[in-house]
Amino acid sequence: MMLKELRECVLKAAKKLREYDLIVMAGGTVAARDPETGYVVITPSGMEYDGLTWEDMCVIDMNLNKIDGKRRHSIASDMFTEILKARPDLNAVTHSHSKYATAFSCLGREIPVITTTQGNLVGGPVPCTSRVHPDPHTLEYLTDIVTTLGSGYALNIRNHGPIAAGRTIEEAIENIITLEVTAHTCYIAEQMGKPYYLTQGETKRAFDFCKSFVGQGT
């Protein structure tokens, strides 16, 4: 079976969504593009991740055709492939229904940059789409998602939950964890008083510094 290593990484990332309490049961999705083939590995539809193996991860092409795997791929696969089509600089996208970030989506409100950590990793506020999740997805809905993400790394789907992307699976997972922590922190701070939100300049400075100096390098 093909892309074994990438499928193992996608499963490991999916389990982290549960580990960090970002999903319940079979909620949430992880997708990653293989730069060599252009194929996308994505989690299966409607299955809890605890008992799965890498062979349960699905391989599809950008047109949602099944390439390999015994399971049916996520019913929301089109959201992820459309983002990856629009953003060749990204190779991974993940989605959760975490409590505090989703609460912001129910207000149609962006998650502001209230911590330098969000500035470091996500690189800006997390905007919210204008459309409520339809079944099945429509072109207008998918376009709204791609447009809302723009050149950023995260967005919130109105009354549904967040999506975070990254150049790698690890970066995408770190981003979706960070935006939930930030949403929670913002909620607490706003109950306590009037918090300071980072300016665009402060956010950019934090992001540029993190991407240039944090970590072990290559």
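Student: In this predicted model, which residue of S7 is the bridge partner of Ile 157?

Tutor: As a general idea, the strands of a sheet pair through backbone hydrogen bonds, and they do so either parallel or antiparallel. In the case here, Ile 157 has Gly 161 in S7 as its bridge partner, and the pairing of S6 with S7 is antiparallel, extending over four bridges. Further along this pair, Leu 155 stands opposite Ile 163 in S7. The hairpin of S6 and S7 has three residues between the strands, and in this hairpin Asn 159 takes a positive phi near 55°.

Student: Are the residues on the two faces of S6 buried or exposed?

Tutor: Both faces of S6 are covered, with Ala 154 and Asn 156 buried on one side and Leu 155 and Ile 157 buried on the other. Strand S5, which spans residues 92-95, is likewise covered on both faces, where Ala 92 and Thr 94 lie buried on one side while Val 93 and His 95 lie buried on the other.

Student: In what order do the strands form the open sheet?

Tutor: The seven strands follow the order S4-S3-S2-S1-S5-S7-S6, and the pairing is antiparallel. The edges are strand S4 (66-68) and strand S6 (154-157), each of which pairs on one side only. On average, and with direction ignored, neighbouring strands of this sheet are turned by 25° against each other.

Student: How many bridges join S1 to S5, and how many does S5 form with S7?

Tutor: Strand S1 (residues 29-33) is joined to S5 by four bridges, and these two strands run antiparallel. S5 also pairs over four bridges with strand S7 (residues 161-166), again in the antiparallel sense. His 95 lets you follow the register across this part of the sheet: in S5, His 95 is the bridge partner of Thr 29, and the bridge partner of His 95 in S7 is Ile 163.

Student: Which strands does H6 lie across, and which does helix H5 touch?

Tutor: Helix H5, residues 139-149, packs on the sheet and touches S6 and S7, its direction making about 145° with that of S6. H6 lies across S1, S5, S6 and S7, and runs at about 145° to S7.

Student: What describes the packing of two helices?

Tutor: The general description of two packed helices consists of the angle between their axes together with the distance between those axes. For helix H1 (residues 4-19) and H6, the axes come within 10 Å and cross at roughly 10°, and H1 is therefore roughly parallel to H6. On the H1 side the contact is made by Leu 6, Cys 9, Val 10, Ala 13, Lys 16 and Leu 17, and on the H6 side by Ile 169, Ile 173 and Ile 176. Sorted by class, the contact of H1 with H6 has eight nonpolar residues, no polar residues and one charged residue.

Student: At what angle do the axes of H3 and H6 cross?

Tutor: The axes of helix H3 (residues 99-106) and helix H6 (residues 169-192) cross at roughly 70° and come within 7 Å, and the two helices are therefore roughly perpendicular to each other. The crossing in which H3 passes H6 is left-handed. From H3, the residues Lys 99, Tyr 100, Ala 101 and Phe 104 meet Leu 179, Glu 180, Ala 183, His 184, Cys 186 and Tyr 187 of H6. The residues of this contact between H3 and H6 divide into seven nonpolar, one polar and two charged.

Definitions and conventions
Residues numbered from 1 in each chain as written. Predicted model: local features only at pLDDT ≥ 70, side-chain atom pairs only at ≥ 80, totals over all residues. Heavy atoms only, no water. Buried < 20%, exposed > 50% of the residue type's maximum accessible area, 1.4 Å probe, protein only. Pairing = 2+ DSSP bridges. Axes fitted to C-alpha atoms, helices over the stretch in contact; angles between N-to-C directions. Parallel < 35°, antiparallel > 145°, perpendicular 65-115°, else oblique. Left-handed = near helix turned anticlockwise from the far one by under 90°. Contact = heavy atoms within 4.5 Å. Nonpolar A, V, L, I, M, F, W, Y, C, P; charged D, E, K, R; others polar.
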